[in-house]
Amino acid sequence: MNEEEREYVLTENQDRLLSFAGWAKNLAWVALVIHIILAILVIPEDMIFQQRINSLNLNSSSLDYWDQMSLFPLHSLITIGTNILNNLLSGAIYYVVLKGISLGLYMLVETDINYREKESAEENHE
Amino acid sequence: MNKELREQIYKNLNIKETDELLDIWQTNDRVEWSDLAFEVLEEILKQRKVKLPKQKEPITEYKEEDENLEEWETKLLDKEDQPEFYDVLEVLSLKDNINKVTKAAVIIIIVTRLLNTYVIQSLIIGEIPTFDVNIFLPFFITILATGLYVAIAYFSLQALAYILRILMEMEFNSRNAK
């Protein structure tokens with residue numbers, strides 16, 4: 001549908017809905033990408049957090065991040081693993097929800113237009 | 001050779017019940033049965049004094065239908081009059097992805113919540129935790145909370161999938177109203 005047809009067919013509200021649908025569609029990708037990046041950054045973020053804790057602790061040992069992790073391997077693995085999984089899951093949920101909202105809005109506008117076309121066809125017929 | 005083949009087909013078909021032969025005749029599956037088989041079949045049915053029913057359109061190839069698609073979904077895709085603002089296939093694929101995310105969400109929520117409890121971590125390293133209210137009370141509350149999170153994620157996502165389906169049906173019906 002070109003710009004001229006669009007102006008002729010769409011009402012202001014429909015145009016607004018389509019705009020929301022477009023935003024939701026793009027935001028779905030943004031949310032997915034951001035959460036994938038967050039999942040990748042889990043380990044560096046944890047390293048920075050540990051460094052801050054060490055700098056605050058006067059009795060801190062000279063162990064580096066990986067040495068500290070090896071002291072409690074299971075706990076470290078679970079913490080990092082669950083953070084990564086939660087970030088990926090959040091990204092996937094945001095993606096499908098926003099994409100669903102976008103497609104739902106497109107379908108509503110399409111349905112509305114179909115009924116309006118039917119009404120105008122009936123009026124012309126009369 | 002042709003005569004031998006014909007005789008072989010005749011023998012094979014002649015042992016079948018008349019109903020079964022009529023079914024083959026009507027189905028008219030030219031992929032499974034050769035033209036010669038249909039000639040022989042016609043001959044046998046005439047010998048049995050059966051009135052030949054009308055055949056269906058011949059099946060010359062098997063269409064590979066996606067087993068994941070329901071009948072109405074295939075109908076939507078086959079319709080020539082496709083919607084202007086959205087792609088039907090995109091909605092169907094999203095519906096499928098929502099189902100996959102729902103399953104993943106249920107598993108990930110259960111695994112991540114329970115793995116972070118002291119009881120499960122102790123069990124993993126082979127220690128049996130002593131029965132202490134301070135240990136088991138948080139554990140049971142975590143189990144309840146996990147159930148709640150799973151229910152929220154499951155019902156929300158499934159509701160979204162059904163809303164999309166209903167909206168698509170509504171849009172499809174409105175196309176017929178045009």
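Let us start with chain A, which reads α-α-α-α-α along its sequence. That pattern reflects 5 helices and 0 strands in chain A. Please keep in mind as we go that this is a predicted model.

How much of chain A is buried? Buried residues account for 20% of the 126 residues in chain A. The contacts in this chain also tell us something about how its sequence is brought together: among contacts between residues at least 6 apart in sequence, 90% join residues at least 24 apart.

A good place to look more closely is helix 2 of chain A, residues 12-40. Its length can be checked with a little arithmetic: at 1.5 Å a residue, the 29 residues of this helix should span 42 Å, and because its end C-alpha atoms are 42 Å apart, the two values agree. Which residues of helix 2 of chain A are buried? They are A:Ala21, A:Ala28, A:Leu32 and A:His35. If you follow these buried residues in the structure, you will find that they pack against helix 5 of chain A, which covers 73-125.

Now let us turn to chain B. Here there are 7 helices and 0 strands, and the pattern along the sequence is α-α-α-α-α-α-α. Chain B has 178 residues, of which 15% count as buried. Of the contacts in chain B with a separation of 6 or more, 74% are between residues 24 or more positions apart.

Within chain B, one pair of helices deserves a visit. Two packed helices are described by the angle between their axes and the distance between the axes. For helix 2 (residues 18-27) and helix 3 (residues 35-47) of chain B, the axes come within 11 Å and cross at roughly 135 degrees. Angles over 145 degrees would count as roughly antiparallel and those from 65 to 115 as roughly perpendicular, so helix 2 and helix 3 of chain B are oblique to each other. Their crossing is left-handed. On the helix 2 side of chain B, the contact is made by B:Leu21, B:Ile24 and B:Trp25, while helix 3 of chain B brings B:Leu41, B:Ile44 and B:Leu45. By class, this contact has 6 nonpolar residues, with no polar and no charged ones.

Finally, let us see where the two chains meet. How many residues does each chain give to the contact? Chain A gives 26 residues and chain B gives 30 residues. The side of chain A that touches chain B has 15 nonpolar, 7 polar and 4 charged residues.

Note on methods: Residues numbered from 1 in each chain as written. Chains lettered and ligands numbered in written order. Predicted model: local features only at pLDDT ≥ 70, side-chain atom pairs only at ≥ 80, totals over all residues. Axes fitted to C-alpha atoms, helices over the stretch in contact; angles between N-to-C directions. Helix = DSSP H or I, 4+ residues; strand = E, 2+ residues; numbered from the N terminus. Parallel < 35°, antiparallel > 145°, perpendicular 65-115°, else oblique. Left-handed = near helix turned anticlockwise from the far one by under 90°. Contact = placed C-beta atoms within 7 Å. Nonpolar A, V, L, I, M, F, W, Y, C, P; charged D, E, K, R; others polar. Buried ≥ 20, exposed ≤ 12 C-beta atoms within 10 Å, placed from the backbone. Expected span 1.5 Å × (residues − 1).
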